[in-house]
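Reader: I'd like a close look at one part of this chain, and then how the surroundings fit around it. Keep it informal, but give me the cut-offs as you go.
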Amino acid sequence: MPGPPMEAELPIEPQSLKKLSFKSLKRSLDLFSPLHGQFPPPDPESKKIRVSHKLNTEYGGVKSAAIEHTTGAAAARTQAQQASVPSNALALPGPERSNDIQKGGFQKDMAISSTGQPREPTDAGFQGRSTAVVPSHGSSERNLSTSAIMERIPSRWPRPVWHAPWKNYRVISGHLGWVRSVAVDPSNNWFCTGSADRTIKIWDLASGRLKLTLTGHIDQVRGLAVSKTHTYMFSAGDDKLVKCWDLEQNKVIRSYHGHLSGVYCLALHPTIDVLLTGGRDSVCRVWDIRSKTQIHALTGHENTVCSVFTRPTDPQVITGSHDSTIKFWDLRYGKTMVTLTHHKKSVRAMAPHPKEDCFVSASAENIKKFKLPRGEFMHNMLSQQKTIINAAAVNEEGVLTTAGDNGSLWFWDWRSGHNFQQAQTIVQPGSLDSEAGIYAVTYDLTGSRLITCEADKTIKMWKEDEMATPETHPVHFKPPKDIRRF
């Protein structure tokens, strides 16, 4: 059996290598750690060395003047004469204002007073920027170009306008099924609701009393619109039917046939006699309301078209779909103008502002605001409702309302995107808690009353709390720091 190895043959212990490494690391830290995050204190000796080295290497043309600058006024005059002669060192390419640097010379390192004595450098020496002048650590000149490019939105975020909180003041019952749609009469005297009980009911807006019940659909009524120019009301439902009701005779006078599946949304053009309907066949159809003929079939969506609104100017038709896109349509040619792909989930609700050229679109992940007519993304609303949003509406005072599938009714300030109230609907006695969904919302023509259509078969009406003041209900607003741009 061989004996133990000799002392000279023993391997170097790993522990000793470790100690050496730590010792080297500690030495490096002692040398360099004070420099992290701050500049070292000024050293006059090293500054003299640096100045003389710079004079010897780069500025040969003015070397003699720089060396003799401490001898008195004669040296000052000599330097002034030689500084007026251009040198190659100052002809290096630099940023704008390099001419100022040539005129100013080396004000920081060898500025000379009128008495001929060296003068302390002042901020004026930094006015002419060149590659030879390094701004201080806290200077605003650092990252000047990138700060202009990457200006953050919250720096100029608008403060929200104070709005009074809204409260529920009336509950109307009468439908026998989910209330799915609502529309207000242009005279602001009555409103109509469509329900899963296949009926359309007309209610008095002031008192909430039932005025009329219309039957004719054979499935739930998902869309309603009342014409401003005719005595017509239009309805659409899951039975693939689109009907025109004459409100003088209270009966159907036209039906528009063409949809291959249920019709989910409906809108009337504000200036021409055109009706738009969107449904589960992924098509938005354009109808002439007088002749019952289909003008266009706006195809391009890959899933159900569940929201649509129209404008008097281009883009005249805007649709939102379960394929998570929003499309602007050219009504003359029936073609897509713009497709917005900012959303990640179904766009079930959209609402245009009654005065401004912009609109909001709501999906389960976010509520986004876009500018018209080009569709530029403006910003997200500052909170997330975290539910499926079925409906949205805006009034002229800038109060945006969004209604969720879980019964949440959120009120937002339009301009800033601040959520100033989160209300929760209360289901009627005898209903399940899961029947707290809100399917449709709309304001009356004055914007002072809000109508919600709900899954507990009721219609609820809301108005602002007249007793509220900015002192009793202050605005709790913090400008966003890391808002998601998309």
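Where is Leu 276 found?

Author: A word on the ground rules before we get there. This is a predicted model, where local features need pLDDT of at least 70 and side-chain atom pairs count only at pLDDT 80 or more, while totals for chains, interfaces and linings use all residues. Residues are numbered from 1 along each chain as its sequence is written, and side-chain values use heavy atoms, with hydrogens and water left out.

Now, your residue: Leu 276 sits in strand S11, which covers residues 274-279. (Strands here are DSSP runs of E with at least two residues, helices are runs of H or I with at least four, and both are numbered from the N terminus.) Leu 276 counts as buried because its relative accessible area is 0%; buried means under 20%, exposed over 50%, and partly exposed in between, using a 1.4 Å probe and protein chains only.

What surrounds Leu 276? If you skip residues up to four places away in sequence, Leu 276 touches Cys 265, Leu 266, Ala 267, Cys 284, Arg 285, Val 286, Val 308, Thr 310 and Val 317. A contact like this means heavy atoms within 4.5 Å. Take Cys 265 from that list: eleven residues separate it from Leu 276 along the chain, and their C-alpha atoms are 8.3 Å apart.

Keep Cys 284 and Val 308 in mind, since Thr 319 touches them too, along with His 301, Val 305, Ser 307, Thr 325, Ile 326, Lys 327, Trp 329 and Met 350, again with residues up to four places away left out. Thr 319 belongs to strand S15, residues 317-321. Like your leucine, Thr 319 is buried, because its relative accessible area is 0%. Its side chain has polar partners, though. There's a polar contact of 2.7 Å with the side chain of His 301 and another, of 2.8 Å, with the side chain of Trp 329. (Polar contact means a pair of N or O atoms within 3.5 Å; within protein, one must be able to donate a hydrogen and the other to accept it, and residues adjacent in sequence count only if both atoms are side-chain atoms.)

Just before S15 comes a loop worth a stop, as it holds partners of two salt bridges. The first joins Arg 311 and Asp 357, whose closest N and O atoms are 3.4 Å apart. Arg 311 lies in the loop between strand S14 (305-310) and S15, Asp 357 in the loop between S18 and S19, and the two are 46 residues apart. A salt bridge needs a side-chain nitrogen of Lys or Arg within 4 Å of a carboxyl oxygen of Asp or Glu. The cover is uneven: Arg 311 is buried because its relative accessibility is 10%, while Asp 357, at 48%, is partly exposed.

The second salt bridge pairs Arg 332 with Asp 314, at 3.9 Å between the closest N and O atoms. Asp 314 is in the loop between S14 and S15, and Arg 332, 18 residues apart from it, is in the loop between strand S16 (326-330) and strand S17 (335-340). Arg 332 is exposed, as its relative accessible area is 56%, and Asp 314 is partly exposed at 30%. Arg 332 also pairs with Asp 330, at 3.5 Å; Asp 330 is buried, with a relative accessible area of 12%. Elsewhere, shared partners tie Asp 273, Asp 288 and Arg 290 into one salt-bridge network. The structure holds twelve salt bridges in total.

Follow the chain further and you meet the largest nonpolar core, with 14 residues; Val 360, Ile 367, Met 381, Leu 400, Trp 412 and Trp 414 have the most contacts inside it. Strands S18 (349-352), S19 (358-362), S22 (389-394) and S24 (408-413) each supply at least two of its residues. (Such a core is a set of buried Ala, Val, Leu, Ile, Met, Phe, Trp, Tyr and Cys residues joined through side-chain atoms within 4.5 Å.) Beyond its neighbours within four places in sequence, Leu 400 contacts residues including Val 360, Ile 367, Met 381, Ala 392, Trp 412, Trp 414 and Tyr 443.

And the wider picture? The chain has seven helices and 28 strands, and 45% of its 486 residues count as buried. Among contacts between residues at least 6 apart in sequence, 48% join residues at least 24 apart.
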